[in-house]
Amino acid sequence: MTSRLSHPVNRRRFLQIAAASTAALALPSLARAAAYPDRPIRLVVPSAPGGSPDAICRILGEALGRAMGQAVIIDNKPGASGNIGMSDISRAAPDGYTLGYANVGTLSINRALFSKLPYDPDVLVPVSLLGFVQNALVVRKDLPASNVMELIALAKAKPGTLTIGSAGNGTTGHLGGELFKSLTKTEMVHVPYRGSAQAIQDLMGGQLDLMFDNLSSVAPHIKGDRVRVLGVSGAARNPLFPDIPTIAEAGVPGYETVAWGGVVAPPGTPATLVAQINDAINTQLQTPAVSKRYESLGFEVLIGPPSRLSELATKETPIWAEMVKRSGAKID
């Protein structure tokens with residue numbers, strides 16, 4: 001008996017129906033892929049609430065959430081110089097629903113500070129560079145030093161007595177302080193905190209003498225006249241405080257540190273998702289609502305493809321390794 005499908009017309013009709021059925025079955029999965037995001041996104045910040053990374057990510061999260069139609073939830077995971085948060089990111093599902101804030105500390109500095117890391121910076125997927133921020137050298141209001149040279153003189157007159165706080169071991173504030181001591185040949189006691197918020201509170205309360213911290217954390221307190229700023233850490237003065245000299249021009253030649261950060265995703269995150277998120281972030285960074293808020297914190301925005309973040313990390317890693325060596329800072 002001859003099958004009805006053996007007839008050319010019937011066979012073509014069968015194949016058309018089969019193809020249409022297959023396409024129909026595929027539509028739900030395609031719709032799901034096109035609907036990203038269809039639930040809240042978690043943005044892991046490997047530091048405590050109230051610090052510079054937290055402030056930067058909350059501004060971004062609010063804007064990104066509105067643009068993408070889903071909440072971006074900030075998940076603070078402080079501890080171990082960012083290692084705890086970065087480990088969390090590296091173990092997460094590569095589905096676009098877990099992102100992380102990675103910075104100069106977790107992508108570059110930690111390689112030199114730790115003999116072994118619980119995460120691999122090289123397998124994290126770069127999504128977007130956000131920008132950079134200088135550190136500020138701030139002192140308590142009643143410290144008898146109105147400029148950098150007076151601070152150096154005071155430290156030399158009282159070796160080992162001044163306390164210098166930081167947002168934690170391995171941060172640019174920590175290394176910036178160690179580099180300052182190395183270049184000025186002074187002795188001060190480093191006091192690491194679990195984030196900068198409490199360190200700033202203790203500085204204002206007189207329990208600390210000075211600290212180096214991101215402008216995005218201390219700018220409101222400088223403007224509020226609650227701490228005194230002696231210098232900024234970059235190669236040029238910051239537009240937010242044009243009257244404040246760089247530490248180098250204030251008397252410490254060769255001093256320069258700048259913090260930077262961006263967004264990463266877990267290993268294996270598809271390139272299509274990365275491109276989508278990168279585009280959304282770059283769009284938001286260029287809106288006045290976001291750029292002005294960052295500008296008020298002294299955070300200077302940079303946009304570009306995902307590779308810009310990984311290229312910066314590659315470039316800066318040996319620079320910070322040398323700084324770690326020169327400063328003598330070490331965690332393990």
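## Close-up views of a predicted model

**View 1. A cis peptide bond ahead of β1.** Pro37 lies in the loop between α1 (8-34) and β1. This is a predicted model, so please read each of these views with that in mind. The peptide bond that joins Tyr36 and Pro37 is cis, and its omega is about -5°. If you step through the backbone torsions in this loop, the bond between Tyr36 and Pro37 is the one to look for.

**View 2. The whole chain, before going further in.** A brief look at the full chain helps to place the other views. The chain holds 11 helices and 10 strands. Of its 332 residues, 51% are buried. When contacts between residues at least 6 apart in sequence are considered, 78% of them join residues at least 24 apart. About 14,900 Å² of the chain is exposed, with carbon and sulfur atoms supplying 57% of that area.

**View 3. Two positive phi values on the way to α3.** Ala80 lies in the loop between β2 (72-76) and α3, and Ser81 lies in the loop between β2 and α3 as well. Although Ala80 is not a glycine, its phi is positive, at about 55°. Ser81, again not a glycine, also has a positive phi of about 55°. Is Ala80 buried or partly exposed? With a relative accessible area of 44%, Ala80 is partly exposed.

**View 4. Helix α3 and what covers it.** Follow the chain past that loop and you reach helix α3, which spans residues 83-91. Which residues of α3 are buried? They are Asn83, Gly85, Met86, Ser87, Asp88 and Ile89. The cover over these buried residues includes two helix and strand neighbours worth locating, β1 (41-45) and α4 (104-113). Strands β3 (98-103) and β9 (258-265) are also included in that cover.

**View 5. Helices α2 and α10 side by side.** Helix α2 covers residues 52-68, and helix α10 covers residues 288-296. Their axes come within 10 Å and cross at roughly 170°. Angles over 145 degrees count as roughly antiparallel, and α2 and α10 are therefore roughly antiparallel to each other. On the α2 side, the contact is made by Ile56, Ile59, Leu60, Glu62 and Ala63. On the α10 side, Val290, Arg293 and Tyr294 take part.

**View 6. An antiparallel pair, β4 with β8.** Strand β4 (residues 125-139) pairs with β8 over 4 bridges, and the two run in the antiparallel sense. To find your way in, start from Leu137, whose bridge partner in β8 is Gly231. Strand β8 (residues 228-232) is mostly covered, with 4 of its 5 residues buried.

**View 7. A parallel pair and its crossover, β5 with β6.** Strand β5 (residues 163-166) and strand β6 (residues 189-192) run parallel and are joined by 4 bridges. How does the chain cross from β5 to β6? The path goes through helix α6 (residues 172-184), and this β-α-β crossover is right-handed. Within the pair, Ile164 has His190 as its bridge partner in β6.

**View 8. Thr163 and Val189, two residues of that parallel pair.** Thr163 sits in strand β5, while Val189 is found in strand β6. They are 26 residues apart along the chain, yet their C-alpha atoms are separated by 4.7 Å. Thr163 is buried because its relative accessible area of 17% is under the 20% cut-off. Val189, at 37%, is partly exposed. Leaving aside neighbours within four places in sequence, Thr163 is in contact with Val189, Val191, Gln207, Leu208, Asp209 and Leu210. With the neighbours within four places in sequence again left aside, Val189 is in contact with Gly160, Leu162, Thr163 and Ile164.

**View 9. Ala155 in helix α5.** The last view turns to helix α5 (residues 148-157), where Ala155 has its place. Ala155 counts as buried, at 2% relative accessibility. Which residues does Ala155 touch, not counting those up to four places away in sequence? Its contacts are Leu162, Thr186, Glu187 and Met188. Lys185 is 30 residues from Ala155 along the chain, and the C-alpha atoms of Ala155 and Lys185 are separated by 9.4 Å.

Conventions:
Residues are numbered from 1 along each chain as its sequence is written. This is a predicted model: local features need pLDDT of at least 70, side-chain atom pairs count only at pLDDT 80 or more; totals for chains, interfaces and linings use all residues. Side-chain values use heavy atoms; hydrogens and water are left out. Buried means under 20% relative accessible area, exposed over 50%, partly exposed in between (1.4 Å probe, protein chains only). Contact means heavy atoms within 4.5 Å. Accessible areas come from the Shrake-Rupley method with a 1.4 Å probe; for residues, only the protein chains shown count as cover. Two strands pair if DSSP finds at least two bridges between them. A crossover is right-handed if, with the strands pointing away from the viewer, the path from the first strand over the helix to the second runs clockwise. Axes are lines fitted to C-alpha atoms, for helices over the stretch in contact, and angles run from 0 to 180 degrees between N-to-C directions. Angles under 35 degrees count as roughly parallel, over 145 as roughly antiparallel, 65 to 115 as roughly perpendicular and the rest as oblique.
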